[in-house]
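This note sets out some points for a colleague who is new to the structure. Please read them alongside the sequence and the model.

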Amino acid sequence: MKIINSPEEMQRTAQNIRRAGKTIGFVPTMGYLHAGHLSLVQTARTSADLVVASIFVNPAQFGPNEDLAAYPRDFERDEKLCRDAGVDILFYPTPGDMYLEEHSIWVDEESLSNVLCGASRPGHFRGVCTVVAKLLNIVLPDIMVLGEKDAQQLRILRRMVRDLNFPVKIIAAPTIRETDGLAMSSRNKYLTPAERLEAGCLFQSLEKARALFAAGERAAGNIKAAVRAAIEATSGKVDYIELVDDETLRPVQTLEKPALLALAVKFSKARLIDNTVLQ
Ligand code: AMP
């Protein structure tokens, strides 16, 4: 596995790979890798000749009072995990190399970004879109693998690729979970042992919603109330629980088309998200 720090070298390397007729599968991450990230690498391996993974804790997607400084980092461990998972190139740039002084061009999605995490985290998706646009221009992948765990991010990046004509195919990979259903996340590290025991409530609340839906419930209000009750039985504080149209992300009252049930819950230091599609 080759480690590349410089964006210029990464781009030159990607150009050479493409000139040689090989395809590139790309997995962007913020590091502190877990089995969810590695499942994306496996998907990329089966879909392209070479796999590039990136590790970059992107300052532009963190708000001023968020966890940029505290975000867990362990490059040595990540490097080994990537090597063992069959990553061919690990791209690991510095913030200074990614954002030159007076960086002044941003990619702003103006519709899907206004709800859910975009409403709670102003500017977050502007940072995500900008860094992913840059990474696509640097890594030049044929395919990019993204996790369904970040459902809104996935939909926004699909829109960006469509609206800005990026020549890349996005593949969505399912959420990998702990045995109690908690979605794997680098931020789970922030949970205290007591909170970790409670954090399974996100998944359990989604399961409850799925059961209600399967039994014929179509009123969004009733489904959201059941989800809220399951979360509020713990020390978790609801940031949002929303049922939105799976394509437009507009709120739905009655479930007639596929709907995305998305939630964000805060424990003392950890803000956790999860989702499911009801259809
Ligand atoms: P992150 O490092 O959190 O920015 O995530 C990098 C990529 O991994 C994103 O496409 C995420 O959606 C994906 N991802 C994060 N957690 C999981 C998980 N538990 N299962 C599958 N994919 C995940």
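1. In this predicted model, a polar side-chain atom of His37 lies 2.9 Å from an oxygen atom of the ligand. The protein covers 92% of the 490 Å² of accessible area that the ligand has on its own.

2. Backbone atoms also approach the ligand. A backbone N or O atom of Gly147 lies 2.9 Å from an oxygen atom of the ligand, and a backbone N or O atom of Ile176 lies 2.9 Å from a nitrogen atom of the ligand.

3. The shell around the ligand should be considered as a whole. It consists of 16 residues, of which the closest are His37, Gly147, Asp150, Ile176 and Met184. By character, the shell divides into 7 nonpolar, 7 polar and 2 charged residues.

4. Which elements each supply at least two residues of this shell? They include strand E2 (24-29), helix H2 (35-47) and strand E5 (143-147). The largest share, 3 residues, comes from H2.

5. Helix H2 merits a separate remark. H2 has 13 residues and reaches 18 Å from its first C-alpha to its last, which is close to the 18 Å expected at 1.5 Å a residue.

6. The buried residues of H2 are Gly36, His37, Leu38, Ser39, Leu40, Val41 and Ala44. His37 thus appears both in this list and among the closest residues to the ligand. The cover over the buried residues of H2 includes the strands E2, E3 (50-55), E5 and E6 (169-173), together with helix H3 (75-85). Of these, E2 and E5 also supply residues to the ligand shell.

Key:
Residues numbered from 1 in each chain as written. Predicted model: local features only at pLDDT ≥ 70, side-chain atom pairs only at ≥ 80, totals over all residues. Heavy atoms only, no water. Near = heavy atom within 4 Å. Polar contact = N/O pair within 3.5 Å; in protein donor to acceptor, adjacent residues only side chain to side chain. Areas by Shrake-Rupley, 256 points an atom, 1.4 Å probe, with all protein chains shown as cover. Helix = DSSP H or I, 4+ residues; strand = E, 2+ residues; numbered from the N terminus. Nonpolar A, V, L, I, M, F, W, Y, C, P; charged D, E, K, R; others polar. Expected span 1.5 Å × (residues − 1). Buried < 20%, exposed > 50% of the residue type's maximum accessible area, 1.4 Å probe, protein only. Contact = heavy atoms within 4.5 Å.
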